[in-house]
Amino acid sequence: MSETRRVVQRGLWFEEFEIGTIYEHRPGRTITEADNVLFTTLTMNTQALHLDAAFADAQPPFNQRLVNSMFTLSTLVGLSVAQLTQGTLVGNLGFSEMTTPAPLFHGDTMYAETLVTDKRESKSRPGEGIVSLAHTARNQHGVIVATAIRKTLVRKAPQP
């Protein structure tokens, strides 16, 4: 009887990232009212557009509560973790060019994808490299609801 092979889920090592590759992250995430209210209150954001249905319903052009854009951006990055950086990330070096061109509403489903735009070995940290990622989130209709550029510090594969 042969020994059972075990595979631990992880993100990509630095060497496995390929510039120009787009990773589609699945499953998507359906956003609930509870998600929005909890995130908004945990972060001390008192914006009535997120919390007060009567107020938001009376405000054009959307006439309904909006999902907190910081929750949208956080979820966008979170959707990429299992496929790209789980267990291989040293840390995020920074975020830039964050946009939220269209809102999410309660009940919308967010889908994410990531384009690897650049990578280089770290000059100051042997065994690690810097990977630049362009994240995009779309709702269930394919409308872009968020984008962000993220620079990450990622471990290189362990040497056998």
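**Exercise 1. Work out what share of the contacts between residues at least 6 apart in sequence join residues at least 24 apart.**

Solution. Start with contacts in the protein between residues at least 6 apart in sequence; 71% of these join residues at least 24 apart. Keep in mind that we're working with a predicted model. For one example of a pair that sits far apart along the chain, take L104 and V67: they are 37 residues apart in sequence, yet their C-alpha atoms are 5.3 Å apart in space.

**Exercise 2. Place L104 in the fold and decide whether it is buried or exposed.**

Solution. First, get the layout: the protein has 4 helices and 5 strands, running β-α-α-α-α-β-β-β-β from the N terminus on. Next, find the residue: L104 is in the loop between β2 (89-99) and β3 (109-121). Now apply the cut-off: buried means under 20% relative accessible area. L104 comes in at 1%, so it counts as buried. Finally, check its company: beyond its neighbours within four places in sequence, L104 touches I31, L66, V67, T72, M110, N139 and V145. Across the protein, 36% of the 160 residues are buried.

**Exercise 3. Describe the span that the UniProt annotation "domain: MaoC-like" covers.**

Solution. Begin with the record: the unreviewed UniProt entry puts this domain at residues 18-136. Then look at its make-up, which is 29% helix and 35% strand. Last, check the ends: the C-alpha atoms of the end residues lie 17 Å apart.

**Exercise 4. Count the charged side chains of the protein and say how far apart the centres of the two sets lie.**

Solution. Tally each sign: there are 15 positive and 15 negative side chains. Then compare the centres of the two sets, which lie 8 Å apart.

Notes
Residues numbered from 1 in each chain as written. Predicted model: local features only at pLDDT ≥ 70, side-chain atom pairs only at ≥ 80, totals over all residues. Heavy atoms only, no water. UniProt positions renumbered as here; feature names shortened; annotations may be inferred. Helix = DSSP H or I, 4+ residues; strand = E, 2+ residues; numbered from the N terminus. Buried < 20%, exposed > 50% of the residue type's maximum accessible area, 1.4 Å probe, protein only. Contact = heavy atoms within 4.5 Å. Lys, Arg positive; Asp, Glu negative; His and termini not counted. Charge placed at Lys NZ, Arg CZ, Asp CG, Glu CD.
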